[in-house]
Amino acid sequence: MKTAFNLIVFVVSILYCQITYSQNKFVTLTSSDFVKGLDNKDFLRKKLIENGLTIVGKSGTASTISEFYEYWALKSLLYVDIIYIPGTENTIKVGINDTLSGLPKRLIQSFPHKKTEKIDDYLSPVNIAPTNKEISYSLGYSRDSDIVRVIVWFDNPYYYFEYKKEK
């Protein structure tokens, strides 16, 4: 009886360790966060820190028109480049390693859009697995005085999402 108990404890502890250590890091970022980050870099920085990303590089100018670039990373799983050039361009580029399964699909599904009755029909068939540098998806919507767009493509082993605000 004692041997059976020890065997059960041993098997349960091995299973627990495999489940705990084999899980990917869960990232809670959504497309809505990146779209909001196009206008509010402090909001985006806070979200990136909450998800375990750290700043890797930074550059910019100290003039009155302050343009800057920031580079964030989560190990080799997720990269975020933030590019702000006031009056010209606000861009956020996201690179996601394909081992972070689920995040690319969530970013597609959480991209803000105008509400319509067929919106689920529109986004449910979007499958970014076959995308590559030559074949990409582009989703966009207009808000107030600008257009927000995301372009999605796959370049093994990374999915890329490029969020842009266009005038």
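What follows is a chat about why certain labels apply in this predicted model.

Me: Why is Lys165 called buried?

Reply: Buried means under 20% relative accessible area. Lys165 comes to 19% relative accessibility, so it counts as buried.

Me: And what makes Lys165 and Asp39 a salt bridge?

Reply: The rule wants a side-chain nitrogen of Lys or Arg within 4 Å of a carboxyl oxygen of Asp or Glu. Here the N to O distance is 2.6 Å, so the pair meets the rule. The two partners sit in distant parts of the chain, 126 residues apart: Lys165 is in strand E7 (residues 158–166), and Asp39 is in the loop between H2 and H3. Asp39 itself is partly exposed, at 44% relative accessible area.

Me: How many salt bridges does that rule give?

Reply: The count comes to six.

Me: Why does Asp33 have no salt bridge, then?

Reply: Its nearest side chain of opposite charge, Lys47, is 4.1 Å away. The cut-off is within 4 Å, so the pair doesn't qualify. Asp33, which sits in helix H2, is buried all the same. Lys47 does still count as a contact of Asp33, along with Thr28, Phe43 and Leu44, once neighbours within four places in sequence are set aside.

Me: What makes Glu70 and Lys58 a salt bridge?

Reply: Their N to O distance is 3.8 Å, and the limit is 4 Å, so the pair counts. Glu70 lies in strand E2 and Lys58 in strand E1 (residues 54–60), so the bridge ties together parts that are twelve residues apart in sequence. As for exposure, Glu70 is buried at 1% relative accessible area, whereas Lys58 is exposed at 60%. Salt bridges with shared partners join these two with Asp42 and Arg45 into one network.

Me: How do you know that Arg45 and Asp42 pair up?

Reply: Their side chains meet at 3.0 Å, N to O, which is within 4 Å. Both lie in helix H3, three residues apart, about one turn of the helix. Arg45 has 21% relative accessible area, so it is called partly exposed; buried would need under 20%.

Me: How do you know that the buried residues of H3 line one face?

Reply: The buried residues of H3 (41–50) are Phe43, Leu44 and Leu48. Seen down the helix axis, they fall within an arc of 135°, so they line one face. The face turned away from them carries the exposed residues Asp42, Lys46 and Ile49. Among the elements covering the buried side are helix H2 and strands E2, E3 and E4.

Me: Why are E2 and E3 called paired strands?

Reply: Pairing needs at least two bridges, and seven join E2 to E3, so they pair. They run antiparallel, with Leu74 and Leu78 as bridge partners. Three residues separate the strands in this hairpin, and Lys75 in the turn has a positive phi of about 50°.

Me: What makes E3 and E4 a pair too?

Reply: Eight bridges join them, also in the antiparallel sense, and at least two are needed. One of the links has Tyr79 with Gly95 in E4 as its bridge partner. In their hairpin, Gly87 takes a positive phi near 80°.

Me: What makes E3 mostly covered?

Reply: Six of its eight residues are buried.

Note on methods: Residues are numbered from 1 along each chain as its sequence is written. This is a predicted model: local features need pLDDT of at least 70, side-chain atom pairs count only at pLDDT 80 or more; totals for chains, interfaces and linings use all residues. Side-chain values use heavy atoms; hydrogens and water are left out. Buried means under 20% relative accessible area, exposed over 50%, partly exposed in between (1.4 Å probe, protein chains only). Helices (H or I, at least four residues) and strands (E, at least two) are DSSP runs, numbered from the N terminus. The arc is that of the directions from the helix axis to the C-beta atoms. Contact means heavy atoms within 4.5 Å. Lys and Arg count as positive and Asp and Glu as negative; His and the chain ends are not counted.
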